[in-house]
Amino acid sequence: MKVLLVAINSKYIHTNLAVRYLRQYSSQHDEISIAEYTINQRVDEIAADIYRQKADIIGLSTYIWNVQQVLDTAEILKAVNPDVRIILGGPEVSFDPIEILKGHEFIEAVVYGEGEETFKEILEGKDYKDIAGLAFRSDGTIKINPSRPVIDEMERIPFPYTEEDDLRNKIAYYEASRGCPFNCSFCLSSTIKGVRFLPLERVYRDLSFLMNTGAKQIKFVDRTFNANKEFAKSIMKFIEYSGTEMTGFHAEITAHLVDDEQLQFLKGLKKDLFQFEIGVQSTNMQTIDSIGRTTDFEKLKRVASIIGSYKNIHQHLDLIAGLPYEDYNSFGNSFNDLYEIQPEKIQLGFLKLLKGSRLRNEAEKYGIRFIDKAPYEVIETKWLSYDDLLKLKDIEELVERYYNEKMFQTTLNCLIPDSFGSAFEFFEDFSNYWRVNNLFAEAHGKDALYSILQDYMVSRNFKNIEMLKDSLRFDYTYNNKGKSIPQFLRSREYSIGNLIHQVVKQPDFLELLLPEDRENAAKEIIKKVKVELFNWNFIDPFNSKKNCQLKKEETAILFYNGRTVDITEILREVRD
Ligand code: B12
Ligand code: SF4
C-alpha cells in the first residue's frame with residue numbers, strides 16, 4: 001500500500017515537520033513518501049503532481065494558511081481517482097472534524113489532535129471504530145471516537161528528518177519540547193496541558209544532524225523555548241560549541257523568565273547565532289489579564305533592553321491588535337512601550353480567532369467580530385472599529401518598511417523625538433500621508449522609500465528639515481554599500497573625489513582609524529570606501545540619544561565595512 005503525506009507550506013523556504021514525524025513514526029509499516037508544495041502553486045498543478053505518484057492513501061496536513069488549498073486539492077484527487085483514500089490531520093481540522101467530514105464527501109477520515117499514533121493505527125489497518133482521535137464515515141453516517149491522550153514520553157517519537165531531506169537554504173523546524181506552560185486564550189498551544197521534553201542527549205544528536213544539512217536556519221517550534229531554564233541553557237551551550245557559521249537559530253522565549261545568570265550567559269554568545277521572538281502582545285494589563293497571560297512587562301522590558309545592549313542576538317517583539325480592552329490609543333501605548341526597547345523588529349499582528357481557541361468562544365462577550373473563513377481575522381471589537389484596524393494595517397506596513405528594515409535609523413531617531421510626541425504618532429501621521437497620496441497602491445523599490453520619506457518631511461516642513469535631509473543621506477550611505485547617492489539626496493558637495501587617495505595615504509591613517517586593515521593595501525581600501533560630507537556631526541548610526549543632540553558642524557564621514565569613521569580633521573589637513 002502506497003502512502004503519500006502532503007504538505008502545502010506557506011512559502012518555499014518553509015518545511016513541514018508534522019508529515020516528517022508521521023512518516024518516521026510509521027516507517028516500519030508502509031511505503032510512505034512526502035510531497036511538499038507552497039500555497040502559491042495552483043491547486044490543479046498540485047493535484048496533478050500528487051495524482052502522478054499513484055498513492056493509495058493520501059494524508060494532507062491542514063493549517064490555517066493552507067486549508068482551502070488542501071480541500072480543493074483533495075476534491076480533485078478524489079474526482080480523478082474515486083478509489084483513493086483521503087485523510088486529513090492538523091490543527092485546522094482538529095477542532096471541528098465532524099463539520100469537515102459533513103461538508104466534504106471526498107474525505108474519508110480526519111485525525112484530530114496529535115497524529116503519530118492515530119495515523120500509525122490507520123496504516124496498520126485497525127478498525128476505524130477502535131482508533132482514538134479519529135472522526136470517520138461509517139455506513140453513511142459520521143462517527144467520532146474519543147480523543148487520544150498525548151504520547152507521554154516524547155523520545156518515543158523518532159527524529160523526523162532523514163538523509164533524503166534536502167534542507168539546503170531552507171528553514172528546518174525542530175521541536176525539543178511539546179506544549180506550553182502558559183494558557184493564552186487566543187492560542188492553540190493552551191489547549192494541551194503540560195510540557196514534554198526530549199532527553200538532552202537526543203536533542204544534541206538531532207541538532208548535530210540538522211547542522212550538517214546546510215539548513216539556513218533551525219527554528220525551534222517549542223512554544224516557550226525557555227520554559228525550563230536549565231534545559232534551554234544546555235541546548236544553547238551545545239549550539240554555541242558545535243554550531244556552524246552557516247546556520248542561525250530561532251526560538252520563541254518568554255522574556256520575563258530570563259534571570260540575571262541567564263543574561264550573563266546570553267552576553268557571551270556568538271553574534272547572530274540566535275534570534276529570539278518575544279510575544280508581548282500588549283502592554284495593557286487589563287488586556288493581558290483578560291487573555292490569561294502572565295506578563296511582567298517591567299521585567300520583560302529590562303531583559304529585552306539588556307539583551308539588546310549586547311548586540312549579539314536579534315530580538316523580534318510581537319504585538320497583537322484586536323485583543324479585549326485594547327483600543328486604538330491603548331495599542332499605540334503598547335507600540336510605544338516596545339519602540340522604547342528598540343528591538344531589531346517589531347511585528348504587528350492582527351488577532352485571528354482560531355478554531356479551538358478559548359477566545360473564539362468568548363468572541364461575543366468581547367464584541368469581537370471576525371471573518372468566518374481562514375484565517376479568521378478580527379474585523380471589529382468593542383474597542384476597535386474596522387476603520388481603526390485599517391489604520392493599524394497601514395501603520396504595520398510602514399513599521400515593516402521603515403523600522404524593521406533598519407534602513408532609516410538615524411532619520412527616525414532625529415525626527416521622532418524632535419517633531420512627535422511618540423513613535424506611534426509619527427507612524428500614524430506618515431501612514432496618513434501614504435494613504436492620502438495613494439502610495440500603498442504601488443510597489444516601491446528601496447530608493448523610492450527614501451525619496452518618499454524625504455518628500456513627506458519636506459511637505460510637513462518639520463523643524464530642522466535641513467538636518468533631517470542630511471540624516472537621510474547618512475542613512476542611505478550607511479545602508480547602501482556600493483551604490484552611488486541618488487540625485488534627490490545629493491546636496492552641495494557630496495563627494496570628496498580624489499582627495500580620498502591622499503587621505504588614505506596619510507601617515508598613521510590606517511594605524512589610527514582602520515587598524516584591523518593595516519595589512520590591506522590602500523588601493524584595496526579605496527575601492528570599498530565611501531566618504532561623505534555632512535553639515536551635522538552624524539557618526540554613530542546606532543546611538544539615537546546622541547544623534548538627536550547633534551552639533552551643526554561640517555563632518556566628513558568615511559563609510560567602510562559597516563563602520564563609520566570621522567575623518568574631518570584628516571581631510572582638513574589634506575585640503576590645507
Ligand atoms: C511553523 C509554524 C508556522 C510557519 C509555517 C510553516 C509552514 N510549513 O509553512 C510560519 C512561521 C510561516 C507560520 C505562520 C503562521 N502561523 Co504558525 N505555527 C507554526 C508552529 C510554530 C509549528 C508547527 C509545527 O510544525 N508544529 C509541530 C507539529 C509536530 O505539530 P502539529 O503541526 O500540530 O502537527 C501534529 C498534528 O496536528 C497532526 N497533524 C498535522 N498534520 C497532519 C497530517 C495528517 C495526515 C495527520 C494524520 C496528522 C497531522 O499530527 C502532527 C504530529 O502530532 C505552530 C505552533 C506549534 N508549535 O505547533 C504554529 C501554528 C501552526 N501557527 C498558527 C498560526 C495562527 C499562524 C499564523 C496565522 C500567525 C499569524 N501571522 O497571525 C501565520 C499564518 C501564515 C500565513 N502565511 O498565513 C497556529 C495555527 C492554527 C491553525 N488552525 O492552523 C499555530 C498552531 C500556533 C498557535 N498560535 O496556536 N506558522
Ligand atoms: S501564546 Fe505563547 S505563551 Fe501563550 S499559550 Fe501560546 S505558546 Fe504559550
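This report describes a predicted model, with attention to its nonpolar cores, helix 15, the shell of ligand 2 and the residue Arg-369.

The largest nonpolar core holds 122 residues, and within this core Leu-207 and Phe-427 touch the most other members. A second core, separate from the largest one, has 26 residues, among them Leu-71, Val-84, Ile-107 and Ala-135. In soluble globular proteins, nonpolar side chains tend to be buried together.

Leaving out residues up to four places away in sequence, Phe-427 touches Phe-335, Tyr-339, Ile-395, Leu-398, Val-399, Tyr-402, Tyr-403 and Leu-412. Phe-427 is also one of the buried residues of helix 15, a list that further includes Ala-423, Phe-424, Phe-426, Asp-429, Phe-430, Ser-431, Tyr-433 and Trp-434. Helix 15 itself runs over residues 423–436, and its 14 residues reach 20 Å from the first C-alpha to the last, close to the 20 Å expected at 1.5 Å a residue. After helix 15 comes Asn-438, which has a positive phi, near 60 degrees.

The elements below are included in what covers the buried residues of helix 15.

| Covering element | Residues |
|---|---|
| Helix 11 | 328–341 |
| Helix 13 | 386–404 |
| Helix 14 | 409–419 |
| Helix 16 | 446–460 |

Two packed helices are described by the angle between their axes and the distance between the axes. For helix 11 and helix 15, the packing angle is about 115 degrees and the axes lie 8 Å apart. On the side of helix 11, Tyr-328, Phe-331, Gly-332, Phe-335, Asn-336 and Tyr-339 take part in the contact, where they meet Ala-423, Phe-424, Phe-427 and Glu-428 of helix 15. The residues of this contact divide into seven nonpolar, two polar and one charged.

Turning to the ligand, the residues that surround ligand 2 are Cys-180, Phe-182, Cys-184, Phe-186, Cys-187, Ser-189, Arg-223 and Arg-293. By class, the shell around ligand 2 comprises five nonpolar residues, one polar residue and two charged residues.

Finally, Arg-369 belongs to strand 16, which spans residues 369–370. Is Arg-369 buried, partly exposed or exposed? Arg-369 counts as partly exposed because its relative accessibility is 47%, and partly exposed residues lie between the limits of 20% and 50%. With neighbours within four places in sequence left aside, Arg-369 is in contact with Glu-377, Val-378, Ile-379 and Glu-380. Between Arg-369 and Pro-417 there is a separation of 48 residues in sequence and of 37 Å in space, taken from C-alpha to C-alpha.

Note on methods. Residues numbered from 1 in each chain as written. Chains lettered and ligands numbered in written order. Predicted model: local features only at pLDDT ≥ 70, side-chain atom pairs only at ≥ 80, totals over all residues. Heavy atoms only, no water. Core = buried A, V, L, I, M, F, W, Y, C linked by side-chain atoms within 4.5 Å. Buried < 20%, exposed > 50% of the residue type's maximum accessible area, 1.4 Å probe, protein only. Contact = heavy atoms within 4.5 Å. Helix = DSSP H or I, 4+ residues; strand = E, 2+ residues; numbered from the N terminus. Expected span 1.5 Å × (residues − 1). Near = heavy atom within 4 Å. Nonpolar A, V, L, I, M, F, W, Y, C, P; charged D, E, K, R; others polar. Axes fitted to C-alpha atoms, helices over the stretch in contact; angles between N-to-C directions.
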